[in-house]
Structure formats: C-alpha cells, structure tokens
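Let's take a walk through a protein model together. Have a look at the picture first, and then we'll go through it piece by piece.

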Amino acid sequence: MDDPLDYIKKCKSHIKRTLVSMSKRTGMTVSQVTDEVLYTGLLEMQEMDAQGYGPEGFKAKPHFT
C-alpha cells in the first residue's frame with residue numbers, strides 16, 4: 001500500500017506547478033492566482049448552496065415537519 005504522505009507530496013507538487021504556470025500565463029503573482037482560484041471556488045460553492053445542493057454535490061431533499 002502506498003504511503004499517504006507520498007500522495008500528499010505529489011498533490012502539493014502538482015498544485016504548485018499549476019499555480020506557477022497560471023502565474024506565468026496571466027502575469028499575476030502566485031499569491032494573486034491563489035486568491036483568484038480560492039475566491040472563484042467560494043463563489044461556485046455559494047451558488048451551489050443557493051440552488052439547494054448539499055456538501056456532496058447532490059440536490060438536498062426538502063425537510064418536512
């Protein structure tokens with residue numbers, strides 16, 4: 001079985017490469033790219049929440065009392 005820390009290191013390395021690449025393409029700093037990515041994700045989560053989707057991405061069932 002693979003070491004979970006190896007998986008985390010791979011993910012971290014991939015994310016770093018992606019952010020650096022986006023930074024070079026856009027002319028923004030890595031910090032600015034990170035802020036934009038996080039902000040966009042937050043907006044998408046709020047939109048899904050407003051549409052009634054639950055944490056797993058499935059449409060929440062209405063609760064009747």
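What follows is a tour from the overall layout down to a single side chain.

Before anything else, keep in mind that this is a predicted model. So what is it built from? The protein has two helices and zero strands. Now think about how much of the chain is tucked away: of the 65 residues in the protein, buried ones make up 5%. As for the outside, the protein exposes about 6300 Å², and 62% of that area is supplied by carbon and sulfur atoms.

Let's start with helix H1, which covers residues 4-26. With its 23 residues, H1 reaches 33 Å from its first C-alpha to its last. That's close to the 33 Å you'd expect at 1.5 Å a residue. Ile 8 sits in this helix, and Ile 8 also helps to make a nonpolar surface patch together with Leu 5 and Tyr 7. The patch comes to about 350 Å².

Further along H1 you'll find Ser 23. Is Ser 23 buried or exposed? Its relative accessible area is 12%, and the cut-off for buried is under 20%, so Ser 23 counts as buried. Which residues does Ser 23 touch, once you leave aside its neighbours within four places in sequence? They are Met 28, Thr 29, Val 30 and Val 33. Met 28 deserves a second look, since the side chain of Ser 23 reaches the backbone oxygen of Met 28 at 2.4 Å.

Next, follow the chain out of the helix. H1 is followed by Gly 27, and the phi of Gly 27 is positive, near 80 degrees.

Then comes helix H2, made of residues 30-50. Val 30 and Val 33, two of the contacts of Ser 23, fall within that range. H2 has 21 residues and spans 30 Å from first C-alpha to last, close to the 30 Å expected at 1.5 Å a residue. Just after H2, there's another glycine to spot: Gly 52 takes a positive phi of about 95 degrees.

Technical notes: Residues are numbered from 1 along each chain as its sequence is written. This is a predicted model: local features need pLDDT of at least 70, side-chain atom pairs count only at pLDDT 80 or more; totals for chains, interfaces and linings use all residues. Side-chain values use heavy atoms; hydrogens and water are left out. Helices (H or I, at least four residues) and strands (E, at least two) are DSSP runs, numbered from the N terminus. Buried means under 20% relative accessible area, exposed over 50%, partly exposed in between (1.4 Å probe, protein chains only). Accessible areas come from the Shrake-Rupley method with a 1.4 Å probe; for residues, only the protein chains shown count as cover. Patches are made of residues with over 30% relative accessible area and no salt bridge: like charges are joined within 9 Å, nonpolar side chains (Val, Leu, Ile, Met, Phe, Trp, Tyr) within 5 Å. A salt bridge is a side-chain nitrogen of Lys or Arg within 4 Å of a carboxyl oxygen of Asp or Glu. The expected span of a helix is 1.5 Å times one less than its number of residues. A polar contact is a pair of N or O atoms within 3.5 Å; within protein, one must be able to donate a hydrogen and the other to accept it, and residues adjacent in sequence count only if both atoms are side-chain atoms. Contact means heavy atoms within 4.5 Å.
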